[in-house]
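I opened the notebook to log what I looked up, entry by entry. The structure comes first, then my notes.

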There are 2 protein chains.
Amino acid sequence: MKRLSILGSTGSIGTQALEVVTSLPGEFQIVSLTARKNASLLADQAVEFRVSAVAIIDDSAAAEVQDRLHGTGIEVLSGRDGLLEIAGRDDVDLCLNGLVGGVGMAPTIAALDGGVDVALANKESMVMAGAYITELAKKKKARIYPVDSEHSAIWQCLVGEDRAQVRRLILTGSGGPFREWPKERLAQVTKSQALKHPNWDMGPKITIDSATMMNKGLEVIEARWLFDMEPQQVDIVIHPQSIIHSMVEFTDGSVKAQMGVPDMKIPIQYALTYPDHRSSEWDRLDLTQVGNLTFEPPDLEKFTCIGLAYEALKRGGSSPAVLNMANDLAVYAFLDERIKFIDIPVVLGKALADHPFVAHPTLEDIEQLQVWTGRYVGEIMKISRKDHLSEEPIGSASA
Amino acid sequence: MKRLSILGSTGSIGTQALEVVTSLPGEFQIVSLTARKNASLLADQAVEFRVSAVAIIDDSAAAEVQDRLHGTGIEVLSGRDGLLEIAGRDDVDLCLNGLVGGVGMAPTIAALDGGVDVALANKESMVMAGAYITELAKKKKARIYPVDSEHSAIWQCLVGEDRAQVRRLILTGSGGPFREWPKERLAQVTKSQALKHPNWDMGPKITIDSATMMNKGLEVIEARWLFDMEPQQVDIVIHPQSIIHSMVEFTDGSVKAQMGVPDMKIPIQYALTYPDHRSSEWDRLDLTQVGNLTFEPPDLEKFTCIGLAYEALKRGGSSPAVLNMANDLAVYAFLDERIKFIDIPVVLGKALADHPFVAHPTLEDIEQLQVWTGRYVGEIMKISRKDHLSEEPIGSASA
């Protein structure tokens, strides 16, 4: 039995991971679970899967969890410390990090530091500290298994292959709900429009990232680190049907692709059962039913977040971390209806241009940049409230 | 330097293989070449690649080759014995069998029997004697590398994977030049219409096989043996753009595909450089240029050859061999304009139904069946000349 911890067990990735675990009886033992604030679901999961320990980040929800688990013998931790404590324990074979946003970085580092392999759905970890994390994993002989459907696809295409013979990685993206909208209409995007992803069932933060296409930008950065590629070796192709999850082109012109129905349970399961494909009951792909797969280049004029991600990767150092932190803040501000959809890339562009650049950031540098970004984006929000923000050209603050 | 022999060096596969060899200087030493009757080209190739030996099958062309190579020190063999002599020599690391039709079977067996790995473009070898050949390869610890683009695709998708975790193989086919024709119009098909393949540049025999879709049927049989699958694990999907060369579906629903521009040099090169992808100057795939990939089920009513191939595989024993022999004869008869396009499946159906079935055919059995099939198909041709052949229902002779 493979022993697992699941960070973010009440979220989209976490609940689907538990579905996978249930579908493969006798394969996994769930040792620990963590959640942000859904006390009731976390307690239910803890009892159902007979875990040893849980952590709930929101202190105000901790009492409910303690109450619900009283007498079960299940250890209950709380707060950010509780999360990191669970993440850092080496009583598991694999830690599935299904956390959302930059908050997922420290637990990834804690797990790898304890020599535990990480199934990583939290792409922000690699975006913020890709150099540090890949180095740490190497040092601790721990492995990082991608969970993102795109990176799982690339990982699968690379099985048995020599990475030196890769010419480029081709990340596919659906183009999100605004692929066919004229650029001008983006000014009117509402929260509910942005939350309607055409193909994938995902949490709200990543769904907004898909709508701005920042998600694809973050994936470019993640791919650069996960697969040790040069930035210019990672390309994006728009593929609205989300059937081909990504591709690898080799030096001889041969291209391998991994496909499937758009169901996160398939890449989650692969990360849990790697290197094996286990029999499953998930929907199967029938290309004669799909009929048609289409491809087009991304519209970089409309989705400026993509360019910002390549720019951050080119600048290197602290740039991707700040871009990601600013994006976390901007997306939640949009979800809270504090800024407009088209303000998101403006906020990111300004933060990227204005931040105190560090060439080789330590974890302390990243923490300080988190404080800087929080303050800086907060200031920008004030401008946004007066509704002038997105009228300024991106990066103008750096002039 | 990898030492190569190329059987059928003046044909489509052979000439493209020599292009690959030229494009990778210092990688290969061509030890021997064989051709059917193109004396002039064979002699040119022998000199250019400084080979040790050549064989020309057509005895009447042997004199010209001897003449042209006089004084070069290059050994000149002739006839079927010469071909088998070259094929059976173990002075090479890899034998590329680019022969066309059932005549390619004996050289495949000769090479494997000598412990030499075979890059197999001659699918008829596996169709006629799949059980015998896979057993022989195992015994002699020799390997069979597929060259057909479909089987190369499957082979590439299986790199590093456990074959027990394969749910099914999905062979793609363009559907050939008559994909969109109504069934009734097939009665009017001319030789030049059938020789126009929409995507691939191949020799005439395989081009006709593509038009009847017998090619896909033969590939199903080949795949069954090459990858040790049950017949029902090999499916066909029509994909008119010929960009996805074939796919593998694993037990978890994950599907891997191999793609590329339709250029035989890519799978030829992979078979020669396996397990490496070498840098090459062949055209590269740009999916945003292709734009659109479509898929549909094969029309089994129109292309009855597909059903005959599955039927032969189901019956097993000598059935696939006889199907293939009858097909060789029928295709050349069509190319000689002795029978009509729609007569081809009728000839095959009759031969399949009427032949003296052998459950576990030896090579001697196959030779005797070759004689039987030649005589039987000859008889059928006489009926055909009276133009009644294709009016009889398929398999009626067995009733």
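**Entry: helix 7**

Is helix 7 (residues 149-157) of chain A mostly covered or mostly open? I found it mostly covered, with nine of its nine residues buried. The buried residues include A:Ser149, A:Glu150, A:His151 and A:Ser152. A:Ala153, A:Ile154, A:Trp155, A:Gln156 and A:Cys157 are also buried.

**Entry: confidence**

I note that this is a predicted model. I looked up the confidence next. Chain A has a mean pLDDT of 94, and 96% of its residues reach 70 or more. Residues 391-399 of chain A fall below 50. Beyond near neighbours in sequence, that stretch has 16 contacts in the model. For the complex, the predictor gives an ipTM of 0.93 and a pTM of 0.93.

**Entry: the sheet across two chains**

I then traced a sheet. Eight strands form an open sheet with mixed pairing. I read the order as 9(A)-8(A)-10(A)-11(A)-11(B)-10(B)-8(B)-9(B). Which strands stand at the edges? They are strand 9 (234-238) of chain A and strand 9 (234-238) of chain B. Each has a single partner strand, so one side of each is left without a neighbour in the sheet. Neighbouring strands of this sheet are turned by 20° against each other on average, direction ignored.

**Entry: strand 8 of chain A**

I stayed with strand 8 (residues 166-173) of chain A. Five bridges join it to strand 10 (residues 244-250) of chain A, and the two run antiparallel. A:Arg168 has A:Glu249 as its bridge partner in strand 10 of chain A. A:Ile170 stands opposite A:Met247 in strand 10 of chain A.

How does strand 8 of chain A run against strand 9 of chain A, parallel or antiparallel? They run parallel, joined by five bridges. Here A:Leu169 stands opposite A:Val234.

I also checked burial. Eight of the eight residues of strand 8 of chain A are buried, so the strand is largely enclosed by the rest of the structure.

**Entry: salt bridges**

I searched the whole structure and got 50 salt bridges over all chains. I looked at three pairs and one network.

The first pair is A:Glu75 with A:Arg89, side chain to side chain, at 2.9 Å, N to O. A:Glu75 lies in strand 4 (residues 75-78) of chain A. A:Arg89 lies in the loop between helix 4 (79-88) and strand 5 (94-97) of chain A. The pair therefore ties together parts that are 14 residues apart in sequence. A:Glu75 is partly exposed, with a relative accessible area of 33%.

The next pair brings A:Arg168 back. Its side chain meets that of A:Asp235 in a salt bridge at 2.7 Å, N to O. The pair links distant parts of the chain: A:Arg168 in strand 8 and A:Asp235 in strand 9 of chain A, 67 residues apart. Are the two partners buried or partly exposed? A:Arg168 counts as buried at 19% relative accessibility. The cut-off is under 20%. A:Asp235 is partly exposed at 24%.

What does A:Lys205 pair with? It forms a salt bridge with A:Asp328, the closest N and O atoms being 3.1 Å apart. A:Lys205 lies in helix 9 (residues 204-212) of chain A and A:Asp328 in helix 14 (residues 319-335) of chain A, so the pair ties together parts that are 123 residues apart in sequence. A:Lys205 is buried at 3% relative accessibility. A:Asp328 is buried too, at 12%.

I closed this entry with the network. Salt bridges link A:Lys123, A:Asp148, A:Glu150, A:Lys216 and A:Glu219. A:Glu150 is one of the buried residues of helix 7 of chain A.

**Entry: nonpolar core**

Which members of the largest nonpolar core touch the most other members? Of its 285 residues, they are A:Val54, A:Met259, B:Val54 and B:Met259. I listed contacts for B:Val54, leaving aside its neighbours within four places in sequence. Among them are B:Leu33, B:Leu42, B:Ala46, B:Val65 and B:Leu69. B:Ile74, B:Glu75, B:Val76, B:Leu77 and B:Ile86 are also in contact with B:Val54.

**Entry: one residue in chain B**

Last, I looked up B:Val347. It is found in helix 15 (residues 343-354) of chain B. At 0% relative accessibility, B:Val347 counts as buried. B:Val347 and B:Gly253 are 94 residues apart in sequence and 40 Å apart in space, C-alpha to C-alpha.

Key:
Residues numbered from 1 in each chain as written. Chains lettered and ligands numbered in written order. Predicted model: local features only at pLDDT ≥ 70, side-chain atom pairs only at ≥ 80, totals over all residues. Heavy atoms only, no water. Buried < 20%, exposed > 50% of the residue type's maximum accessible area, 1.4 Å probe, protein only. Helix = DSSP H or I, 4+ residues; strand = E, 2+ residues; numbered from the N terminus. Pairing = 2+ DSSP bridges. Axes fitted to C-alpha atoms, helices over the stretch in contact; angles between N-to-C directions. Salt bridge = Lys/Arg side-chain N within 4 Å of Asp/Glu carboxyl O. pLDDT = per-residue confidence, 0-100. Contact = heavy atoms within 4.5 Å. Core = buried A, V, L, I, M, F, W, Y, C linked by side-chain atoms within 4.5 Å.
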